[in-house]
Amino acid sequence: MTWRGTLLHIHVAPAASYEMEELTEAQLVAGRGIVGDRYYLGTGTYSPKPDVREVTLIEIEVLEAMAQGEPRIPGFKARLAPEDHRRNLTTRGVPLGHLVGKRLRIGETVLRAARMNFPCKYIEQLLGIPGLYEGLLNRSGLNCAIEVGGVIRPGDPILPIDG
């Protein structure tokens, strides 16, 4: 698999339901998460449940498609800003759906893609967008473990490590 992507945005929130804050750089800690984020702090909605949520990624291409009315859900069209979707990292040019089980490099860090994320029904209520849950099904991002920590910044290249 040959691709090269770019990190566009970094967002964290100190606890569940708090507004996402955009960062100009972030420190990722292996086995823990992004310093200052709810899953690093253990204050995320799913923090008590064992799973890989150290960092979550979503493709800007998903947000662009939703703004144009894709997928073709009758009457559904939504404009989401990068801080609205509640994922930590917004990417461009990264085929997230094909990376489960693979590793990727962003800045100084190495991530292992653990599983595709699933949308939460609560996002519809939080953003006031009916149908958003269905619009995000099967493309709500990627949950990753941090294997090698370090600093990341918007504009960093995202590169595959495994095939």
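These exercises, each with a worked solution, concern a predicted model.

**Exercise 1. Salt bridge of Glu25**

Find the partner of Glu25 in a salt bridge, place both residues in the chain, and classify their accessibility.

Solution.
- Step 1. The side chain of Glu25 meets that of Arg153, with an N to O distance of 3.0 Å.
- Step 2. The pair links distant parts of the chain, 128 residues apart. Glu25 sits in the loop between β2 (21-22) and β3 (26-29), and Arg153 in the loop between β10 (150-152) and β11 (157-160).
- Step 3. The relative accessible area of Glu25 is 41%, so Glu25 is partly exposed. For Arg153 the value is 38%, and Arg153 therefore counts as partly exposed.

**Exercise 2. Further salt bridges**

State how many salt bridges the structure holds, then describe the pairs formed by Arg92 and by Lys121.

Solution.
- Step 1. There are 7 salt bridges in the structure.
- Step 2. Arg92 pairs with Glu64, and their closest N and O atoms are 2.6 Å apart. Because Arg92 belongs to strand β6 and Glu64 to helix α2 (residues 60-67), this pair ties together parts that are 28 residues apart in sequence.
- Step 3. Arg92 counts as partly exposed because its relative accessibility is 34%. Glu64 has 34% relative accessibility and therefore also counts as partly exposed.
- Step 4. Lys121 forms a salt bridge with Glu134, where the closest N and O atoms are 3.8 Å apart. This pair also links distant parts of the chain: Lys121 is in the loop between β8 (109-116) and α3 (122-127), while Glu134 is in helix α4 (residues 132-136), 13 residues apart.
- Step 5. At 47% relative accessibility, Lys121 is classed as partly exposed. Glu134, with a relative accessible area of 36%, is partly exposed.
- Step 6. A network of salt bridges links Arg103, Arg112 and Glu147.

**Exercise 3. Nonpolar cores**

Give the number of residues in the largest nonpolar core, name the residues with the most contacts inside it, and identify the strands that each supply at least two of its residues.

Solution.
- Step 1. The largest nonpolar core has 23 residues. Leu57, Leu89, Ile106 and Leu111 have the most contacts inside this core.
- Step 2. At least two residues of the core come from each of β1 (5-12), β3, β5 (55-59), β7 (103-106), β8 and β9 (142-148).
- Step 3. Take Leu89 as a case. Not counting residues up to four places away in sequence, Leu89 touches Leu7, His9, Ile10, Ile34, Val55, Thr56, Leu57, Ile58, Ile106 and Ile152.
- Step 4. Another core, of 11 residues, lies apart from the largest one; among its residues are Ile60, Met66, Leu80 and Leu132.

**Exercise 4. Three threonine and histidine sites**

Decide whether Thr91, Thr56 and His11 are buried or exposed, and list their contacts beyond four places in sequence.

Solution.
- Step 1. Thr91 lies in strand β6 (residues 89-92). Its relative accessibility is 0%, so Thr91 counts as buried, the cut-off being under 20%.
- Step 2. The contacts of Thr91, apart from neighbours within four places in sequence, are Thr6, Leu8, Leu57, Ile58, Glu59, Ile60, Glu61, Leu96 and Ile158.
- Step 3. Thr56 belongs to strand β5 and is buried because its relative accessible area is 7%.
- Step 4. With neighbours within four places left aside, Thr56 is in contact with Arg86, Arg87, Asn88, Leu89, Asn117, Leu142 and Asn143. The C-alpha atoms of Thr56 and Cys144 are 6.0 Å apart, although the two residues are 88 residues apart in sequence.
- Step 5. His11, in strand β1, has a relative accessible area of 1% and is therefore buried.
- Step 6. Leaving out residues up to four places away in sequence, His11 touches Met20, Glu21, Glu22, Asp37, Pro82, Glu83, Arg87 and Asn88.

**Exercise 5. An open sheet**

Work out the strand order of the open sheet formed by 3 strands and say which strands stand at its edges.

Solution.
- Step 1. The order is β4-β3-β10, and the pairing is antiparallel.
- Step 2. β4 (33-34) and β10 each have a single partner strand, so they stand at the edges and one side of each has no neighbour in the sheet.
- Step 3. The antiparallel pairing of β3 and β4 runs over 2 bridges. Val29 is opposite Gly33 in β4.

Definitions and conventions:
Residues are numbered from 1 along each chain as its sequence is written. This is a predicted model: local features need pLDDT of at least 70, side-chain atom pairs count only at pLDDT 80 or more; totals for chains, interfaces and linings use all residues. Side-chain values use heavy atoms; hydrogens and water are left out. Helices (H or I, at least four residues) and strands (E, at least two) are DSSP runs, numbered from the N terminus. Buried means under 20% relative accessible area, exposed over 50%, partly exposed in between (1.4 Å probe, protein chains only). Contact means heavy atoms within 4.5 Å. A salt bridge is a side-chain nitrogen of Lys or Arg within 4 Å of a carboxyl oxygen of Asp or Glu. A nonpolar core is a set of buried Ala, Val, Leu, Ile, Met, Phe, Trp, Tyr and Cys residues joined through side-chain atoms within 4.5 Å. Two strands pair if DSSP finds at least two bridges between them.
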